[in-house]
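Biologist: Got a minute to look at a structure with me? I'd like to talk about its rings and one of its pockets.

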Amino acid sequence: MPMLLPHPHQHFLKGLLRAPFRCYHFIFHSSTHLGSGIPCAQPFNSLGLHCTKWMLLSNGLKRKLCVQTTLKDHTEGLSDKEQRFVDKLYSGLIQGQRACLAEAITLVESTHSRKKELAQVLLQKVLLYHREQEQSNRGKPLAFRVGLSGPPGAGKSTFIEYFGKMLTERGHKLSVLAVDPSSCTSGGSLLGDKTRMTELSRDMNAYIRPSPTRGTLGGVTRTTNEVILLCEGAGYDIILIETVGVGQSEFAVADMVDMFVLLLPPAGGDELQGIKRGIIEMADLVAVTKSDGDLIVPARRIQAEYVSALKLLRKRSQVWKPKVIRISARSGEGISEMWDKMKDFQNLMLASGELTAKRRKQQKVWMWNLIQESVLEHFRTHPTVREQIPLLEQKVLTGALSPGLAADFLLKAFKSGDY
């Protein structure tokens, strides 16, 4: 045993497998010490586990994962400076300070490995605070999450400007998460939605945060779920997520919100186009925009066609039937009535329990999205795979190897790699 301790944990465990005894139990906690207090050269939290039970059998190593983690487990590895930084962000966030909210979102969106660890500590603290607040609210959600999607030019930003001002005048605190597409060539993003909301951006009861997609599909960003949690922790009771200009399949926001609203311009296609769009099936409310002036007649026609199209779609809720309305952000027609329908939706879904079930399902989707992202990142950075990627890419480019065979080869190299 003393000879194995100075080595990293991978060699330590392999050495134990060659031990003559038949069965033994070890418990390693997420600190730089083993269970008996003996220091180890490399902390076991590098495995990404907070409490792991290892059972050594003659035929191999069996691992049981204990998910009983506490906030103390997350903060053990922080330096004093990092702990003060996280505490400052947390205290400022729950007090509603916009600067701390902005800095917290920047931290969460960072791709730096150490900052991602700090972000998880902050999110865990905010999540505990969020649960306490929900319990004091008799288990009801603290905020109403609304996703807004639509094709480019549908008037999403113009609608949010008018709609947001109406909500803040009624005493609500509004957070707008505006997602902009990133360029496929330069990687940059205009983030111009905030410039189109001049009045709302000056409102102290509204917070607008533009974010780039950075290649994430589905019309949202990689960290939209985390940002929603931070905004709710800062006291915003209505969260609007404006997605990128979408087509027929970009509706990932539906797995993050309570209500999914689709905005369509009067020239949004015929009835058949409405039926075949996958995004229509996810909508809880369809709003035909720009229903004013010369566009009133085409807006009414589109409204009738989509009412007919929605009748052919499968029912997703037992208590709510998707509605199709006409609105105008220029004249304000229909927007107050639209908010009334949104409140009716929230009340019905809360009373039936469907909203609670929906949020629980979304938590699971969120977890699996993070797992997929982490697994892919681990795969790409694995030493064996990283060495083979350039060679296999060259073979695929020259036609010597098909993409499918190259992928199979990488997966086999990953499975047989020395962990």
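**Rings and a pocket**

Modeller: Tyr-207 is buried, and Tyr-236 is buried too. Keep in mind that this is a predicted model.

Biologist: How are the rings of Tyr-207 and Tyr-236 arranged, and why is the pair called tilted?

Modeller: Their centres are 6.2 Å apart and their planes meet at 40 degrees, so the pair counts as tilted.

Biologist: Where in the chain do those two sit?

Modeller: Tyr-207 is in strand E6. Tyr-236 is in the loop between helix H8 and strand E7. They are 29 residues apart, so the pair links distant parts of the chain.

Biologist: Which charged end sits over the ring of Tyr-236?

Modeller: That of Lys-173, 4.5 Å from the ring centre. Likewise, the charged end of Lys-323 sits over the ring of Trp-320, at 3.9 Å from its centre.

Biologist: How many aromatic pairs does the whole structure have?

Modeller: A search finds 7. One aromatic cluster is formed by Phe-144, Phe-159, Phe-163 and Trp-339.

Biologist: New topic. What is the volume of the second largest pocket?

Modeller: About 720 Å³. Its lining has 30 residues, and those closest to the centre are Glu-281, Asp-284, Lys-315, Arg-316 and Ser-317.

Biologist: What's the split of nonpolar, polar and charged residues in that lining?

Modeller: There are 16 nonpolar, 2 polar and 12 charged residues.

Biologist: And which element gives the largest share?

Modeller: Helix H13, with 5 residues. Other elements supply at least two residues each, including strand E8 and helix H10.

Technical notes: Residues numbered from 1 in each chain as written. Predicted model: local features only at pLDDT ≥ 70, side-chain atom pairs only at ≥ 80, totals over all residues. Heavy atoms only, no water. 1 Å grid on protein atoms, 1.4 Å probe; cavity = no way out; pocket = protein on both sides within 12 Å on 5 of 7 lines; lining within 4 Å. Points joined across faces, edges and corners; volume = space filled by probe spheres on them. Helix = DSSP H or I, 4+ residues; strand = E, 2+ residues; numbered from the N terminus. Nonpolar A, V, L, I, M, F, W, Y, C, P; charged D, E, K, R; others polar. Phe/Tyr/Trp six-rings, centres within 6.5 Å; stacked < 30°, edge-to-face > 60°. Buried < 20%, exposed > 50% of the residue type's maximum accessible area, 1.4 Å probe, protein only. Lys NZ or Arg CZ within 6 Å of the ring centre and 35° of its normal.
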